[in-house]
Every structure is written in C-alpha cells, then in structure tokens.
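Student: Could we look at this model together? I would like to learn how the descriptive words are earned.

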Amino acid sequence: PSGRLVSFGYMTGSALVALPLGVAAMLVSRSEVVFFVLVAAAELLLFSIQAPVNGLLLSIVDVDLRNLAMSFNVLVIHLLGDFPSPLLVGFLSDHFFNRSLQPALLAVYLLLVPCVLMWGAGGLLARSRPADLVLDLGLSPSQPREPLPSLL
C-alpha cells in the first residue's frame with residue numbers, strides 16, 4: 001500500500017482506539033488512577049496522529065509552499081483546538097451540565113467522531129483515486145516561478 005494509504009489507516013485506527021478509551025475514562029472509571037491511565041493512553045494515540053498528518057500535508061503541497069502549509073496547519077490546529085477547548089468545556093459545563101465537568105469533557109471528546117469519519121473517507125479516496133490527493137496549483141516544472149514574498 002502507498003504511504004498515504006498507510007497514513008490514513010494509522011490515523012483512523014488510532015482515533016478508533018482512542019475514542020473508546022476516552023469514553024471509558026469519562027463514563028466507567030471510578031478511580032483517579034484508572035481515569036488518568038485511560039486518558040493518557042487515549043491522548044498518546046491522538047498525539048501520535050500528528051506525524052502522519054504532517055506527512056500527508058507535505059506530500060500533497062508544492063515544494064515551494066510547504067513551509068507556508070505547515071505554518072498554516074499549526075495555526076489552524078491551535079485556533080480550532082487548543083484555544084477554544086477550555087472555553088467550550090467551561091461553557092458546556094456551566095450552561096448545560098449543571099457545572100459538572102465529566103459530561104462536558106465527554107461531549108467535547110465525542111467531537112472525534114467526525115474526524116474518524118473524515119480520515120476514513122480520506123483513506124477510501126486514497127485507495128480508489130490516489131491521483132486526486134495531489135494539489136494542482138496550476139504550476140508545471142517548466143513554468144518559471146516567481147519567488148514567494150518574504151515576511152522579513
């Protein structure tokens with residue numbers, strides 16, 4: 001199988017294993033030790049997904065745009081993940097779950113379900129039409145390229 005297909009498979013598989021671990025931590029665990037072990041295992045799997053995401057991104061973006069693509073990727077990860085997560089958990093806890101963190105954390109954790117579905121769909125696309133995963137920016141190697149503008 002191609003590297004892209006393996007990457008999509010790893011991302012989907014890791015999230016599929018992490019999802020029940022996180023749900024079990026929120027719903028089943030009665031001790032702090034079990035809770036933290038399950039959450040640590042789930043988070044380890046989720047954080048390990050970043051390497052295949054970066055590899056896929058670098059494999060589909062034109063060489064001259066890779067640094068911009070990676071920086072934009074990091075920005076979007078922080079804007080959609082790190083920044084709003086505590087606010088969303090607090091809002092859900094305060095307004096919908098009677099100031100209880102457990103159901104609020106579970107609700108946010110279940111946002112992984114669409115990610116798993118999208119990564120699975122990406123894997124199916126990579127398997128059936130691998131040429132569609134390359135971004136065409138309308139530049140061919142024979143065309144001269146103007147240098148990208150510098151921010152410095």
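**Reasons behind the words**

Tutor: Gladly! Keep in mind that this is a predicted model.

Student: What makes the span of α5 close to the expected one?

Tutor: Helix α5 covers residues 84–95, twelve in number, and reaches 16 Å from its first C-alpha to its last. At 1.5 Å a residue, 16 Å is expected, so the two values agree closely.

Student: Why do we say that the buried residues of α5 line one face?

Tutor: The buried ones are V89, L92 and S93. Looking down the axis of α5, its buried residues fall within an arc of 100 degrees, so they line one face of the helix. Helix α6 (101–109) is included in what covers them. On the other side of α5, L87 and H95 are exposed.

Student: Why are α4 and α5 called roughly parallel?

Tutor: Helix α4 (residues 66–82) packs against α5 at an angle of about 15 degrees, their axes being 5 Å apart. Angles under 35 degrees count as roughly parallel, and therefore α4 and α5 earn that name. Their contact involves H78, L79, L80, G81 and D82 from α4, with P84, S85 and P86 from α5. By class, there are four nonpolar, three polar and one charged residues in this contact.

Student: Why is L110 called partly exposed?

Tutor: L110 sits in the loop between α6 and α7 (112–128). Its relative accessible area is 39%. Buried needs under 20% and exposed over 50%, with partly exposed in between, so L110 is partly exposed.

Student: Which residues does L110 contact, leaving aside neighbours within four places in sequence?

Tutor: Those are L19 and V23. L110 and V23 are 87 residues apart in sequence, and their C-alpha atoms are 8.0 Å apart in space.

Technical notes: Residues numbered from 1 in each chain as written. Predicted model: local features only at pLDDT ≥ 70, side-chain atom pairs only at ≥ 80, totals over all residues. Heavy atoms only, no water. Helix = DSSP H or I, 4+ residues; strand = E, 2+ residues; numbered from the N terminus. Buried < 20%, exposed > 50% of the residue type's maximum accessible area, 1.4 Å probe, protein only. Arc of directions from axis to C-beta. Contact = heavy atoms within 4.5 Å. Axes fitted to C-alpha atoms, helices over the stretch in contact; angles between N-to-C directions. Parallel < 35°, antiparallel > 145°, perpendicular 65-115°, else oblique. Nonpolar A, V, L, I, M, F, W, Y, C, P; charged D, E, K, R; others polar.
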